[in-house]
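Visitor: I keep hearing terms for parts of a structure. Could you show me how each one is earned?

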Amino acid sequence: MANLTEPERKTSLVRRLLRGFLGELKASVPKIVPQIIAILLAFAVGAITLWLTGYSPLEVYGAMLTGAFGDAFGIGQTLTQATPIIFTALAFLFANKCGLFNIGAEGQLLIGAFTAALVGISFSGLPFFIHIPLALAAGALGGAAWGFIPAVLKAQRGAHEVITTMMLSYVALYLTSYLVNYPFKAPGWVAQTVSIAPSAELPRILQPTQLSASIFIAVSLAFLTQYTLCRTTIGYEVRAIGFNPSAAESGGISIKKGIILALTISGAIAGLGGAGEVLGVQRRFVEGFSPGYGWDGLAVALVGGLNPFGILLASVLFGALRSGGMTMNRVMHVPLDIVSILQALVILFVAAPMLIRYLLKRGGIKWWNS
Amino acid sequence: MRSITKAFAGVVADDKIDLIVEKGEVHGLLGENGAGKTVLMNILYGLYKPDDGKILIDDKEVEIDSPRKALELGIGMVHQHFMVVPSLTVVENIVLGREPKKNRILLDTNKALKDVKDFCDRYKLEVDLKAPMHLLPVGVQQRVEILKALYRGANILILDEPTSVLTPQEAQELFKAVQALKQQGKTVIFISHKLREVLAICDRITVLRRGKVVGTVRANETNMDELAVMMVGREVRFRFDKEQQSNQKVVLRVENVETMGDRGLPALKNIGFDVRSGEILGIAGVEGNGQTELVEALAGLRKVTAGRILLSDIDITKISPRKRIQMGVSIVPEDRQKRGLILDFSVMENLMLGSHDSPPLAKSSVIINMEEASSYARRLIEEFSIKTPDKDTLAEHLSGGTQQRVVLAREFSRNPKLITASQPTRGLDVGATEYVRGKLVEMRNHGCAVLLISADLDEIWALSDRIAVIYEGRIVAVKDPEKTNESELGLLMAGGESD
Amino acid sequence: MVELVDVINIGLFAATLRMATPITYGALGGIFSERAGIVNIGLEGMMLTGAFTGVVASQWSGNAWFGVLAAIAVGGLLGLLHGVITVGFAGNQVVSGTGINIFALGFTGYMSSVVWGSRGGSIGDVPGLPEVSIPFLKDIPIIGGIIGDHTPLVYLMIIITVVSYIVLFKTPLGLRIRAVGERPDAADTAGINVYRTKYLCVILSGMLAGLGGAFLSLGHLNLFAWGMTGGRGFIALAAMIFGKWMPFGALGASLMFGFADALQMRLQALSLLPPQIILTIPYILTVAILAGVVGRAIPPSNYKPYVKE
C-alpha cells in the first residue's frame, strides 16, 4: 500500500469497499431465499384480500409498480421513502444484535426530527457546514435520549424494552403533537413549525423529487453499522451479549453497559433518520409526517435478514410500497392501509423460519397432536 | 430392543444395538459419556424415534412414539437431569398427567396425597409430599422421580446415571431402594459409567462403546478390569506426572467469604482456603454445596457479602470480572456451552473473549485488529490441537471435547496466575478427559495455582496435591491424598465428622 | 373554578371500573398465554380486531351480543395464528406478536374503508350492549354508585378473573398449563401433550383479548375508531407483569391503570392541561410501573420454543 499515490490509494479503498459489498451480497444470496419466499407469500395473501374486497390485484400491484419505478420521478420518490426506513431498520437491527427488541423507533424518529427542527429554526446566519452537522447531531441526541430511557430501565430494573419503547412511542407522539400545536406552532391552519433556516437544509439531489442528501447519510450509516458490529470492540461485545449473556459476562463484558449502549445507539440512529427527513424533505416539523417509518423499519430489518446490506435492498422494496402505494391510492382509490397489511404479512411469514422448511419439504410442523 | 439405530445430524449415536432385558432383573447399561446409552433409553421411553430397528415387550412388537405410550406399556424413566417442575409441590409433580379429580373438574388434592402416601409406604421411600420441589435437596428429588414412575404403573424402571448427584451414602440408600423394587417384581435398567456401582448392583451388564454393543455379561462372572477394557478398548492412564515444586507462594486466599445463593439463602458461609503456586487444590463435594457460587464469587460474577478474596496479597473482592481477567484469573466454567463459549461465535471470536479489548487484539481499545486476531487464533488452534476445519467455524459445530479445548486454549494461553477449573471433564469421552487433566497438571507444573472443583472423586484423587471437602458452603476439611481414603471423604462430603 | 369534587367523585370510580375492564381481559389472556410459555405481544392487535369485528357484526346483525361473540371468535383466530407461528413453526414470539399488531392496524383501517367508506371508523348506528342495574348492589351507599350500573361485560370480567384463578390453581388443567410453561420437557415426560396445551392457551388469550376489544367498542361508545385500543394491549401486559402473573394481581393492576385512564379523560374534559399532555399520563404511568416493580419481575415460564427431536 505504501507505494501507491494518494488518488490510487483512494480508488483502491473504494474498490475494496465495493468488492466487500458485492462479496457480502453474493454470500447472502442463498440465505435470501426464505425472505423472498416470504415476500411472495405476503403478496399472494394480499392479492386474495384485495380480490375479496372487490379490487383487482393485478391492477393494484401494477399501479404500485408503475408508481414506484415507472419513471425517474417515481424512482426518486421511492428512494426518498426508502431513506428514513433505512435508519429505522438499522436502529432495530443494532438493538437486535444485542438481543433487544426496540419497537419504539417511530417515537425515537419523531423526537429526533423535532430536536433537529428546533436547531434548524433557532439559529440563523450560521454557515451550512456548521448548521447541518449541528442539527443532525441534535436529532441523533434526541433519539439517543429516547432510547436511553428504556435502556436504563432494562439494565437496572429489568423492565421489558418491548413495552417501554412502545409506551415511549406514544408519549413521543403526543409530546411532539403538543409542541407543534402550541408553543412552536407556525401561524396558519396546519400543525407545523416554521421553516428551518436555509443554512440547515440538506440539498435535494434529484429535482423535482424530494430525494435529499439524507440518503447518502443513510447508506454510509449502513456501512458504518456493519463495520461497528464486525470490527470494533463495541460491536463484538454487543453481539456477544446478544448471543450468550452468561458467557459474555464470564468474559468480562459488562452486560448493563452493553444494553445501555445498544439501545441508546439504536435510538440515536432512528433520531438521525428523523433529522434527515426534517432537514432534507419537509424542511420543518409537520405533525404526522411519518406514515409509520418506524414500523417499516422493523419489517425491513427482518426481510433484510438482519444484515445492513440486506436492509439497503429491502428498504428499496418498502420504499416502493410506500410511494407506489400513494400512486395507487390516488389513482385507484384503494385504501393506503393495504401497504400496512402487506408489511405485516411479510413480517409474519418471515417470523416463521420453519414454514419455509416445511414448504420446501424439509421439516414438519407441530400441530395439535404432535 | 433389536437393531436399534439412531443418528443425530449425521452423527450415529446408536448403531444396530441389540439389548435383551429379562423380567425382574437389574440390568446395567455401561459405557462412557457419549457411548449412546441415554439415547437408547430415550428411544425406549418414547422421547426419540429410532431411525431403524424394533422394540419388543413380552415378545410383542410395540411402537413407542411418546412418553405417554411408554407409560402405558409400563416403562418409566428417571432422568439424569430431573424432569421436575420447580414451583409445584411434590405431590403435584407426582400426579402430573394423571391427576385425581373431584367433581370431574377440580383437582382432588386429598385423594392425591393419600394415593401417593400408599406408594411411599410400599416402596419405603420417605418424602414430604407438600413441600415445593425447588426447596428439596437433590437426593430427595430423585426419590420423587422414582415415585412418579411407580405411580404411573411402571414395571420397567430406567435409571439414568442416578448416582451422579448423590453422596456415597445416599447412593447406598438408592441401592437399597433398587433391591426393594426388584423384590416387588420390577425390572430395573441401570445406566451408568461407574464400574464399581454397576458391578455391585446389577445382575447382568451390557457394555456400549461408540454406539455399538461390545458384549453382555453376568456381574458375578466379570470384574472391573475386564469391564474397563470393554468400555474403553484400551488401557487408561489414571495417574499423571507431577513435578516437585519449590518456593510455593500463596496465590489465592479466600478469607471468611460469605455470599447469597439464588433463592435468598446463604450459599457460602464463612468459607476459607488457600491455593499455592504450583499446586492443585481439589475441592470435593456433592453438587449443590456452594461450588457454583464459589466459582462465581472468584470470577467476580457474584457479590461477596462478607470476607475477602486475595490474589497474591491484593484484595480483589470488589474488582470487576474484566479486571480480574487482566490480573491473571482464569476460569474453566462447569457449563461450557452456557458460560464458557458463545456457540454462535466462530472459534476465533471465542478465543478472543476476555482479551478482545486490550492490545494486541484491539487497537486503542475500540477497533479490533483482525490480522492479529487471526494469527492469534491460528497459533492457539495449532498449539492446542483444536480439531476444527478452520478458525471461522462456529463453535456449535464442534464436539464437546473440542469445545473444551477452545476454552482451555483461551484461558491458559493468557498465562494466568490462578486457574479455577469447575467440573472440567464433565460430558467428555476418555480421550478428551485425559487431555484436559494432562493440561491442568502441565499448568501446575509451570507454576500456576490450580483450583479444581469436581464431583468426580476419581478425578480429585488423580490430580490433587491437597484435597478440601466442601459441605453446605464451608470447607469442612483439608486432607493430604496420601493420608485419606474414599470412605472418609465420602463421609465428609455428606456432612459427617471424620476421626 | 374547578373544584376537586368535579374530578374526584363517584363517577370517576365507576369510570375506573369501566376503563379497567378491557385491560383486565387483556391481562388475563396474557396470563394464560405466558403461563403456558408463549409471550403474547399481539394482545393489542387481537383487541383492536375484536373491537372492529364486534362493531361490524353488531351493525350487520342488529344484535350487540352477536357482535361480542364474533369478536371472541376472531380474537381466537388471531390467537391460533400466533400459536401456529410460535408453536407450529417455532417462530420468534415477539416478532409474531408485533406482526399481528401491525396487521390488525392495517387490516381494520382497510376494512373500515371497505365497509364504511372511511378508514376513520364506523358510520351509522351500532347497537351497543345494554347497561344493567343490579338491584341490591345498587342500593349500597356510595359503593352502589360505583358498581351498581354497568354493562354485563364488566361483571363478567370479575367472574372470569375468579374462574381464571380457580382454573390455574385448582384444576388439573391449570397444573398442566403451569408445568408446560415452566418445564415443557418435564410435562412431556409426564405424558402431557405440550403442543396442544400451548395452542389452547394462546387461542384462549386471543379470545379474551377479543372480548376486551368488544367491550371497548360496544360497551360504552358504540362505535369503532381507527386505532381505538391506543396501546391498551401493551398496558394489559404491564398489568399482567405488575400483578405477577396472578389473576387477582392483574385485576388490581388493571384497576390502577383504569383509574389513570378515567382520570385522564376527566382532566381533558375540564381542559386543565393541553389534551396531548394529558393523553401521555397512562403511558408514562406504565413505564413508571415497569421501572418500579420491586426486584425484577420473574415470569413463571420458560419462553423457548419446545421442539421434540
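Guide: Start with pairing: two strands pair if DSSP finds at least two bridges between them. In this predicted model, B:Val329 stands opposite B:Leu418 in β21(B).

Visitor: What makes β18(B) and β21(B) a pair?

Guide: The cut-off is at least two bridges. β18(B) and β21(B) have 4 bridges, in the parallel sense. They therefore count as paired.

Visitor: How do you know that β21(B) and β22(B) pair?

Guide: Set the bridges against the cut-off of at least two. β21(B) and β22(B) pair over 5 bridges, again in the parallel sense. In β22(B), B:Val450 is the bridge partner of B:Ile419.

Visitor: Which sheet do these strands belong to?

Guide: An open sheet of 6 strands in chain B. The order is β18-β21-β22-β15-β23-β24, and the pairing is mixed. On average, neighbouring strands are turned by 20 degrees against each other, direction ignored.

Visitor: Why are β18 and β24 of chain B said to stand at the edges?

Guide: Each has a single partner strand, so one side of each is left without a neighbour in the sheet.

Visitor: What makes β21(B) "mostly covered"?

Guide: A residue is buried if 20 or more other C-beta atoms lie within 10 Å of its own. In β21(B), 5 of its 5 residues are buried. B:Leu418, B:Thr420 and B:Ser422 point one way. B:Ile419 and B:Ala421 point the other way. Both groups are buried.

Visitor: Which helices lie on this sheet?

Guide: Helix α9 of chain B is one of them, lying across β15, β18, β21, β22 and β23. α9 runs at about 150 degrees to β21(B). Helix α14 of chain B packs on the sheet too, touching β18 and β21. The direction of α14 makes about 175 degrees with that of β18(B).

Visitor: Why is the β-α-β unit of β21(B), helix α15 and β22(B) called right-handed?

Guide: Point the strands away from you. A path that runs clockwise from the first strand over the helix to the second is right-handed. The unit of β21(B), α15 and β22(B) is assigned that hand, so its path runs clockwise in this view.

Visitor: How many residues does chain A give to the contact with chain C?

Guide: Chain A gives 44 residues, and chain C gives 44 residues. α6(A) supplies the largest share of chain A's side, 12 residues. That side divides into 33 nonpolar, 8 polar and 3 charged residues.

Terms used
Residues numbered from 1 in each chain as written. Chains lettered and ligands numbered in written order. Predicted model: local features only at pLDDT ≥ 70, side-chain atom pairs only at ≥ 80, totals over all residues. Contact = placed C-beta atoms within 7 Å. Helix = DSSP H or I, 4+ residues; strand = E, 2+ residues; numbered from the N terminus. Nonpolar A, V, L, I, M, F, W, Y, C, P; charged D, E, K, R; others polar. Axes fitted to C-alpha atoms, helices over the stretch in contact; angles between N-to-C directions. Buried ≥ 20, exposed ≤ 12 C-beta atoms within 10 Å, placed from the backbone.
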